[in-house]
Amino acid sequence: MIITKIVLTLCGAIMFLMGLTTIVLPDVNSFFVPVNVDNDAMAAMVRTYAGFFLASGYLTIRFVYSSSKVQVGNILLYIFGCMILSRLFSFMYEGFSDHSLYSFFVGVILFLSMYSLQRKRKNQISYDL
C-alpha cells in the first residue's frame, strides 16, 4: 500500500512538473516534449495539452492524500481550468490567432457553464439523513 502511494505521488509530481514547466517557460521545447516544436500553432497546442498534464498531476496527488470523494464535475473543472490557464500563457508567448481566440472563449464558456451547473447541484444536496 505504501509503495503504491509513493509511485502515484511520484507520477503525479512528474506530471505536475511537466505541465507547469511547459506552460510557464517561454520555450516549449524541453526534455518533457518528445518532438521539436518550431511553429507557434504547434506550441499553442502543446501548451494547452500541458494544462491537462498539470491538472492530472494535481488530481493524482490529491487522490492519494484525500479520503473524500471527488465528483466528476470537479475533475472536469480542474482540467478545463488548467487548460484555460495554459491558453493564457500561450497568448503571451505565441500571440493571438483566430483558432486560439475561438478555443479560449469556447473553453471559458464551457468552464463557466460547468461551474454554474456544479454549484447548482451542490446546493441541491440534501443533508437530512
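## Close-up views of a four-helix chain

**View 1. Helix H1 and the nonpolar patch.** Helix H1 (residues 2-24) supplies three residues to the nonpolar patch, the most of any contributor. The patch lies on the surface of this predicted model and is made up of Phe16, Leu20, Val24, Leu25, Tyr58 and Tyr78. Together these residues have about 450 Å² of accessible area (Shrake-Rupley method, 1.4 Å probe, with only the protein chains shown counting as cover for residues). Members of a patch have over 30% relative accessible area and no salt bridge, and nonpolar side chains (Val, Leu, Ile, Met, Phe, Trp, Tyr) are joined within 5 Å. A salt bridge here is a side-chain nitrogen of Lys or Arg within 4 Å of a carboxyl oxygen of Asp or Glu.

**View 2. Tyrosine 78 up close.** Tyrosine 78 sits in helix H3 (residues 72-94). Its relative accessible area is 31%, so it is partly exposed (buried is under 20%, exposed is over 50%, and partly exposed is in between, with a 1.4 Å probe and protein chains only). Tyrosine 78 is also one of the H3 residues that meet H2.

**View 3. Where H2 and H3 cross.** The axes of helix H2 (residues 40-65) and H3 come within 8 Å and cross at roughly 145°. These axes are lines fitted to C-alpha atoms over the stretch in contact, with angles from 0 to 180 degrees between N-to-C directions. The H2 residues at this meeting include Ala44, Arg47 and Tyr58, while the H3 residues include Ile75, Cys82 and Ser90. Contact means heavy atoms within 4.5 Å.

**View 4. Serine 90, a residue of H3.** Is serine 90, in helix H3, buried or exposed? Serine 90 counts as buried because its relative accessibility is 0%. Setting aside neighbours within four places in sequence, serine 90 touches Ala44, Arg47 and Gly95.

**View 5. Stepping back to the whole chain.** The chain has four helices and zero strands (DSSP runs numbered from the N terminus: H or I of at least four residues for helices, E of at least two for strands). The C-alpha trace spans about 60 × 40 × 15 Å along its principal axes. Of the 129 residues, 28% count as buried. The accessible surface comes to about 8800 Å², and 70% of this belongs to carbon and sulfur atoms.

**Notes.** Residues are numbered from 1 along each chain as its sequence is written, and side-chain values use heavy atoms, without hydrogens or water. In this predicted model, local features need pLDDT of at least 70 and side-chain atom pairs count only at pLDDT 80 or more, while totals for chains, interfaces and linings use all residues.

How values were computed. Patches are made of residues with over 30% relative accessible area and no salt bridge: like charges are joined within 9 Å, nonpolar side chains (Val, Leu, Ile, Met, Phe, Trp, Tyr) within 5 Å.
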